[in-house]
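Hi everyone, thanks for making time for this. I'd like to walk you through one structure, so let me put it up on the screen.

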Amino acid sequence: MQTDDPDAMLAQLLDSDLSELLSISYVVLANNQVTNRHIERVHDMPVQCWSALLATVSFPGLRARDLLHLFPRPQNTVSRALALLEARGLIEQRPCPQDARAKRLYLTQNGSDLLATIRQTARLRQDEIFGVLDAGERATFLALCRKIAAGPRLVRSQVMPDQARRTGMPLDAGVSDARSPRDSGDSGFSSGK
């Protein structure tokens with residue numbers, strides 16, 4: 001059907017045979033246009049950096065490779081983010097007591113202060129986006145997202161195995177569905193130091 005109405009075109013795409021993938025992509029991309037671009041402009045903080053700050057404050061002493069599990073991104077993107085955060089004095093890397101070659105990540109006071117400002121704005125944005133849902137719908141949405149996130153095929157694929165190589169996620173030919181990316185051990189990921 002030919003139409004010049006953008007809302008009608010979007011509705012048609014979101015009702016297509018790829019409705020689930022297109023729906024989640026649309027929500028993520030639209031949010032990125034507002035939230036991530038705002039944070040990047042105002043704080044000179046790309047999403048891979050502020051999400052690393054969030055993970056570091058949530059899990060003091062986490063390893064750089066843990067970020068790959070929490071925020072699936074290419075290893076080189078995470079390495080660059082950590083290098084930027086360290087150069088700006090927002091995180092520090094300390095040797096792991098059990099393995100001096102491994103590094104643990106900790107927020108500095110400057111990192112904590114900046115993250116508090118970003119979180120305040122992000123919480124308001126979250127309420128703005130999800131305000132169209134009532135409390136029950138929000139709970140259902142979160143439960144469904146958690147179920148998808150915990151599923152074995154979100155970051156690994158049998159139909160798109162080349163993406164595992166690009167993201168640093170383990171290939172899963174012959175691997176049980178119960179295995180998580182974290183179970184693969186050290187993937188050779190360097191924290192950029």
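Let's begin with the sheet in this predicted model. The sheet is open, has three strands, and runs in the order 1-3-2 with antiparallel pairing. At its edges sit strand 1, residues 62-63, and strand 2, residues 91-96, and each of these pairs on one side only. As a quick reminder, strands of a sheet pair through backbone hydrogen bonds, either parallel or antiparallel.

Have a look at strand 1 and strand 3, the latter covering residues 99-107: two bridges link them, in the antiparallel sense. Which residue of strand 3 is the bridge partner of Leu62? That would be Leu105. Still on the sheet, helix 5, residues 75-87, packs on it and touches both strand 2 and strand 3. The direction of helix 5 makes about 110° with that of strand 2.

Now let's rotate over to the helices at the start of the chain. Helix 1 takes in residues 6-14 and helix 2 residues 19-43; their axes come within 8 Å and cross at roughly 130°. An angle over 145 degrees would count as roughly antiparallel, and 65 to 115 as roughly perpendicular, so helix 1 is oblique to helix 2. Who meets whom here? From helix 1 we have Leu10, Leu13 and Leu14, and from helix 2 they meet Ser19, Leu22, Ser23 and Tyr26. By residue class, this contact has five nonpolar members, two polar ones and no charged ones.

Staying with helix 2, I'd like to point out Thr35, which is located in that helix. Is Thr35 buried or exposed? Its relative accessibility is 9%, and buried means under 20%, so Thr35 counts as buried. The side chain of Thr35 also makes a polar contact of 3.0 Å with the side chain of Arg125.

That brings us to the partner, Arg125, which belongs to helix 6, residues 109-130. For those of you who like to think about charged side chains, here is a nice one: Arg125 has 18% relative accessibility, so Arg125 counts as buried too. Besides Thr35, the side chain of Arg125 has a polar contact with the side chain of Glu128, at 2.8 Å. Leaving out residues up to four places away in sequence, Arg125 touches Ala30, Asn31, Val34 and Thr35.

That's my tour, and I'm happy to go back to any of these views. Thanks for listening!

Technical notes:
Residues numbered from 1 in each chain as written. Predicted model: local features only at pLDDT ≥ 70, side-chain atom pairs only at ≥ 80, totals over all residues. Heavy atoms only, no water. Helix = DSSP H or I, 4+ residues; strand = E, 2+ residues; numbered from the N terminus. Buried < 20%, exposed > 50% of the residue type's maximum accessible area, 1.4 Å probe, protein only. Polar contact = N/O pair within 3.5 Å; in protein donor to acceptor, adjacent residues only side chain to side chain. Contact = heavy atoms within 4.5 Å. Axes fitted to C-alpha atoms, helices over the stretch in contact; angles between N-to-C directions. Parallel < 35°, antiparallel > 145°, perpendicular 65-115°, else oblique. Nonpolar A, V, L, I, M, F, W, Y, C, P; charged D, E, K, R; others polar. Pairing = 2+ DSSP bridges.
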